[in-house]
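Me: Hi! Could you walk me through the sheets, cysteines and aromatic rings of this model?

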Amino acid sequence: VGYAMNSATPKIRGRCSPNAINVVAKLDGGAQAMNDSDCSDGTFEINLSGLSVANHEVQITADSNSSGDTADLKIEVQNCAMAAITTAGSFPGGDGTSGDPYQITTVEELDHVRDDMVGEYYRLMNNIDLSCKAFSALGTSASKFQANFDGNGFTIRRLSIDYPTVDNLGFIGYMGNTSSLINTGVVDTYIRGDDQTGVLVGQLYSTTATVIDSYGSGFVQTGASTNVNTGGLVGIFRNGMGSKIYFGGAVEGAVTTGGVAAYPYGANISNAINFGLVAPLKGTFGGVFGKSYNVGHLTKLTNYGVVHGPNTTSDTVGGIIGYSYGYGMISECKNYGSVSGETSVGGIIGKLSTITLVDCVNKGKVYGNYYVGGVAGKLYGSSTLVRSQNHGEVDGTNGTTKDYVGGVAGRAYKTKISDSYS
């Protein structure tokens, strides 16, 4: 998988198997070979400095060291200077009420939303392209987004935000009270920030905030190594409600990482699907959520993407959730992607404490080293597992310890398991 990013020195960054030790990039149909990049550490980076200001096609080929196979990927790269946006002074229609939302038709009008983010209603009237536009997140911890945004089925494309030391980054940086994001797609995105980072929302923090019928795609990356929550769609999802939310692309975090959200805290979320790659540098991570705490109900969660971390620094890894604790219920989960890590690795959940997990099915291969299970890596602390199944291969040789490996659970301590099998 390769990714394009805007910066003073543009690069393509990606994650790949250490078996694919040589990555070659060719520009615009092979007219110019670009520098090769060693992939022996599981990552590659190709310098694009010197590109003309234009759209380019880059073909990336990875050669396998062991099998002789190759994999090809073509991506579009747009090299340009990021231009400031002159905010519009008004909207072409609407009065900002729920019955007649302000209408948004241009980049300038979209940027004008930041001028009034309390109680207003906004509706997108067509697709918006943010190519080469210096658009910053709507809402900060000091000035929260407390309005209502309806994407109306249209998309916002090529949002690029690259502030590796700044928290709360995404299309909406910080959602507060009585805010909503519905029917919105934010696609072909690059987001790099510090803590609380996601394509749609950096941080959602309110019992009255909702994200419904919305999706995102692109590459989300952390610029830090400690105390960070990196999600495909949402960084921290605290106390609000989400339904029918989907992510496709790739997420590279460093502490808590999730394909849809890094950390649901006290939230109720249903019908969340990850189609993308979750490949953090270390830490706790999952295909849909990195970890969850004191949730009301997380239900109908599905992962199709690969969940892969280094086998020496990946602690608590799940096809659906890395680690869940506190109170609440998780139900109707399905994982189809392969899952790999080091300690507490499960096809559905890496580690479960005091939570009830019901009606979940794993069909992906699970690789781990210590506490490795087809459904759960480790169950403890009065947790409960009911009517759950594993249909995938469980491999406990992803390291040197190779201990506590099971078809359903790697280890179950002071827990209840019923009607579950592998």
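**Rings, sheets and sulfurs**

Reply: Happy to, and please keep in mind that this is a predicted model. A starting point is tyrosine 370, which is partly exposed at a relative accessible area of 24%.

Me: Which kind of aromatic pair do tyrosine 370 and tyrosine 404 form?
Reply: Their ring centres lie 5.6 Å apart, and a pair needs centres within 6.5 Å. The planes meet at 90 degrees, and over 60 counts as edge-to-face. So this pair is edge-to-face.

Me: Nice! How many residues apart in sequence are the parts that this pair ties together?
Reply: Tyrosine 370 belongs to strand β40, while tyrosine 404 belongs to strand β45. These two strands pair in the parallel sense over three bridges. The ring pair therefore ties together parts whose separation in sequence is 34 residues.

Me: What is the geometry of the pair between tyrosine 370 and tyrosine 371?
Reply: Tyrosine 371 is buried, with a relative accessible area of 9%. Its ring and that of tyrosine 370 are 4.4 Å apart centre to centre. With 50 degrees between the planes, the pair is tilted.

Me: Which strands stand at the edges of the seven-stranded open sheet?
Reply: The order is β20-β23-β27-β31-β35-β40-β45, with parallel pairing. An edge strand has a single partner, so one side of it is left without a neighbour in the sheet. The edge strands here are β20 (229-231) and β45 (403-406).

Me: And which residue stands opposite leucine 352 in β41?
Reply: Here we turn to the open sheet of nine strands, where β36 and β41 are next to each other in the order. Four bridges join β36 (residues 349-353) to β41 (residues 376-380), and the two run parallel. Opposite leucine 352 stands leucine 379.

Me: Why is cysteine 333 not bonded to cysteine 360?
Reply: Both side chains are buried, cysteine 333 at 1% relative accessibility and cysteine 360 at 0%. A disulfide needs sulfur atoms within 2.5 Å. The sulfur of cysteine 360 is the closest cysteine sulfur to that of cysteine 333, yet it is too far for a bond, at 3.1 Å.

Me: Last one: which tyrosine has lysine 351 over its face?
Reply: One aromatic cluster is made up of Tyr263, Tyr265, Tyr293, Tyr323 and Tyr325. Lysine 351 lies 4.8 Å from a ring centre, and a charge over a ring must be within 6 Å of it. The ring in question belongs to tyrosine 323.

Note on methods: Residues are numbered from 1 along each chain as its sequence is written. This is a predicted model: local features need pLDDT of at least 70, side-chain atom pairs count only at pLDDT 80 or more; totals for chains, interfaces and linings use all residues. Side-chain values use heavy atoms; hydrogens and water are left out. Two strands pair if DSSP finds at least two bridges between them. Buried means under 20% relative accessible area, exposed over 50%, partly exposed in between (1.4 Å probe, protein chains only). Rings of Phe, Tyr and Trp (its six-membered ring) pair if their centres lie within 6.5 Å; planes under 30 degrees apart count as stacked, over 60 as edge-to-face and the rest as tilted. A charge sits over a ring if NZ of Lys or CZ of Arg is within 6 Å of the ring centre and within 35 degrees of the ring normal.
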